[in-house]
There are 2 protein chains.
Amino acid sequence: MDEAKRKKLEDKGWKVGTVSEFLDLTPEETTLIEIKLALSRNLKERRQKSMTQTELADKLYSSQPRVAKAENGDASVSIELLIRAMLATGATPQEIGQVIAQVG
Amino acid sequence: MDEAKRKKLEDKGWKVGTVSEFLDLTPEETTLIEIKLALSRNLKERRQKSMTQTELADKLYSSQPRVAKAENGDASVSIELLIRAMLATGATPQEIGQVIAQVG
DNA sequence: GTCTCTTATATCATATCTGATATATTAGTA
DNA sequence: TACTAATATATCAGATATGATATAAGAGAC
């Protein structure tokens, strides 16, 4: 993994290389993170078209700060919440599936 | 939601109608559950083709009972674990995306 | 400059998910 | 029948994700 990308992930809380400086992520771990980041980016795009973070948070029964974290790819946000958020913006399973399928 | 389906979900731990007998699931909640169940079913299919639950659990750094729960649509299993399990069976983001896209 | 709206960051108690363990059940074979 | 492999169910302590809250920072209007 190149250094710039690694730095960016670590800033968001991803413990890349925590176990060992020399132990890299497995392909599966990398793909999982990429799926999360793809969902994050798409969520932000979708949400910005129609509402504020606060409005989305209300639909989600969540909070504005949590939506901000979701959109910024924070490691504390699960795929579960990302998908719930996508659905709350009106995304269909088809659209969500496509975002994931585009990864890789 | 029809009664047979509801019973099946409740047996798996889904708190359908917990808040109130008269308060049904929102479409988003229903879709989320359907996504989970679709991933569960697909995981079981994929895994059975090539390995035992114990073998998959090892690849996942998880346990056989947890894989069983994942494959049986237990409510205690997150989408996160379902996707990690799919990846561990060798599924690509394309395949995972397709499973989700087929929901609805 | 100040307001106002929106988004980002930090902290935290609680809820949920986790893998581990023990054990039960099922399916197949000798 | 007994034996074995595979799967299912139950429980639980520890880890992770959660929404809430407070507050800071950014962007735009005035």
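Which residue of chain B comes closest to the rotation axis? Some friendly notes follow.

1. That residue is Gly97(B), whose C-alpha lies 1.9 Å from the axis. A turn of 180 degrees with a shift of 0.0 Å along the axis lays chain B on chain A at an RMSD of 0.0 Å (least-squares superposition on C-alpha atoms of residues with pLDDT of at least 70 in both). The two copies are thus related as by a two-fold rotation axis.

2. Please keep in mind that this is a predicted model, where local features need pLDDT of at least 70, side-chain atom pairs count only at pLDDT 80 or more, and totals for chains, interfaces and linings use all residues. Residues are numbered from 1 along each chain as its sequence is written, chains are lettered from A and ligands numbered from 1 in the order in which they are written, and side-chain values use heavy atoms, leaving out hydrogens and water.

3. Around DNA strand D there are 19 residues (a heavy atom within 4 Å), and Arg47(B) and Gln53(B) are among the closest. H4(B) gives the most to this surface, with 4 residues (helices are DSSP runs of H or I, at least four residues, numbered from the N terminus).

4. Phosphate oxygens of DNA strand D lie 3.0 Å from a polar side-chain atom of Arg66(A) and 3.3 Å from one of Lys44(B).

5. Glu71(B) sits in helix H4 (residues 64-71) of chain B. Its side chain makes a polar contact with that of Arg47(B) at 2.7 Å (a pair of N or O atoms within 3.5 Å, one able to donate a hydrogen and the other to accept it; residues adjacent in sequence count only if both atoms are side-chain atoms).

Note on methods. Helices (H or I, at least four residues) and strands (E, at least two) are DSSP runs, numbered from the N terminus.
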